[in-house]
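Student: I am new to this structure, and I would like to learn how to read its helices step by step. Could you show it to me before we begin?

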Amino acid sequence: MTKASWSKISRRSFAAGTGALAVSTFAIGKARAAEFTYKFANNMPINHPTNTRAQEAAAKIKEETGGRFELQIYPSSQLGSDTDTLGQIRSGAVDFFTLSGLILSTFVPAASINGVGFAFKDYDTVWKTMDGKLGEYVRAEIAKSRSIIAFDRPWDNGFRQTTTSNKPIVTPADLANLKIRVPPSPLWTSMYKAFGSAPTSINFNEVYSALQSKVVDGQENPLAIVSTAKLYEVQSFCSLTNHMWDGFWFLANRRNWEALPENIRGIVAKHINAAALLQRADIAKLNDTVQTELTGKGMKFNTVDPAPFREKLKAAGFYTEWKGKFGDAAWAMLEGSVGSLG
Ligand code: X2X
């Protein structure tokens with residue numbers, strides 16, 4: 001956050017006080033700096049719908065605030081890895097940050113609940129759940145942290161698929177001993193340990209090089225990311241495992257947020273929440289077209305039957321363990337939306 005310097009403010013009141021000449025001199029000078037310049041950090045490439053929709057929202061916010069508020073977007077983890085940026089949003093060094101609930105769970109444990117393996121069967125259920133009671137519960141848990149808050153509408157990351165350099169994943173046995181990259185989050189590590197894989201936590205900004213240098217043989221991400229982050233260049237197979245739905249909470253540093261005038265907060269929240277809905281629709285559309293695009297680039301696709309994967313997690317005690325961690329009340333909210341998880 002930067003507020004206009006006092007010298008600029010006094011220059012403006014000086015201009016306001018000295019009549020038309022001073023005002024026009026001011027107007028032909030350099031474009032006036034916004035009164036509030038806030039930083040939005042994220043880990044997505046510039047051409048991912050998260051950034052294209054955020055850019056549009058930034059333009060609308062600037063217009064509707066008459067130039068008083070500027071949202072500066074830093075894509076591709078330019079301000080640091082997700083783990084670093086989580087520290088920065090907590091301290092207020094960045095103002096806004098979109099973060100997967102699963103990674104956020106290293107600070108707000110309840111936030112990984114949507115990532116329970118094979119919980120969601122389709123987007124209809126996802127949005128009913130995340131725009132409904134469970135989403136509200138997670139947002140309240142985030143707010144309890146005191147340092148950050150989440151906007152009402154989660155943004156889509158997507159249903160996660162598995163890519164590998166060496167073999168397709170068809171049955172749970174194919175995951176055994178697989179050197180797979182997972183984002184830094186206990187739920188992810190726990191799930192792949194339950195499959196008998198060898199998971200390594202790596203922040204997204206290092207995934208491409210980790211795959212390229214064969215530190216790991218596979219990773220899992222939604223198709224929109226496999227495409228926009230060019231992971232197809234370093235992966236050969238894409239197995240449509242749909243093993244998890246993942247979304248981004250649009251987070252704000254509470255102190256910096258509350259430093260904004262109420263009318264500006266209203267304008268920012270309105271456009272950010274509207275952008276979330278547009279971003280969701282973009283990703284849904286991409287899901288329909290990206291497979292063809294990636295097949296053209298040489299990736300080999302296969303579908304999987306989710307039932308044996310779910311059975312494997314059940315047998316390994318994964319669901320029982322995480323029900324215990326999230327607690328009966330939160331688990332009941334999840335099962336109330338998605339059905340019994342066993
Ligand atoms: O790190 C990932 O894989 C990503 C981009 O999907 C998340 O932000 C969780």
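**Reading helices**

Tutor: In helix α4 (residues 82-91), the buried residues are D82, T85, L86, Q88 and I89, where buried means under 20% relative accessible area with a 1.4 Å probe and protein chains only. Helices here are DSSP runs of H or I with at least four residues, strands are E runs of at least two, and both are numbered from the N terminus. This is a predicted model, in which local features need pLDDT of at least 70, side-chain atom pairs count only at pLDDT 80 or more, and totals for chains, interfaces and linings use all residues. Residues are numbered from 1 along each chain as its sequence is written, and side-chain values use heavy atoms, with hydrogens and water left out.

Student: Why do the buried residues of α4 lie on the same side?

Tutor: An α-helix has 3.6 residues a turn, so residues three or four places apart point the same way. In α4, the buried residues cover an arc of only 165 degrees around the axis, which puts them on the same side; the arc is that of the directions from the helix axis to the C-beta atoms. Their cover includes β2 (36-41), β4 (96-100) and β12 (245-253).

Student: How is the packing of α7 and α15 described?

Tutor: Two packed helices are described by the angle between their axes and the distance between the axes. Helix α7 (residues 133-144) and helix α15 (residues 328-338) pack at about 145 degrees, with axes 9 Å apart; axes are lines fitted to C-alpha atoms, for helices over the stretch in contact, and angles run from 0 to 180 degrees between N-to-C directions. K133, L134 and Y137 of α7 meet A330, M333 and L334 of α15, contact meaning heavy atoms within 4.5 Å.

Terms used:
Buried < 20%, exposed > 50% of the residue type's maximum accessible area, 1.4 Å probe, protein only.
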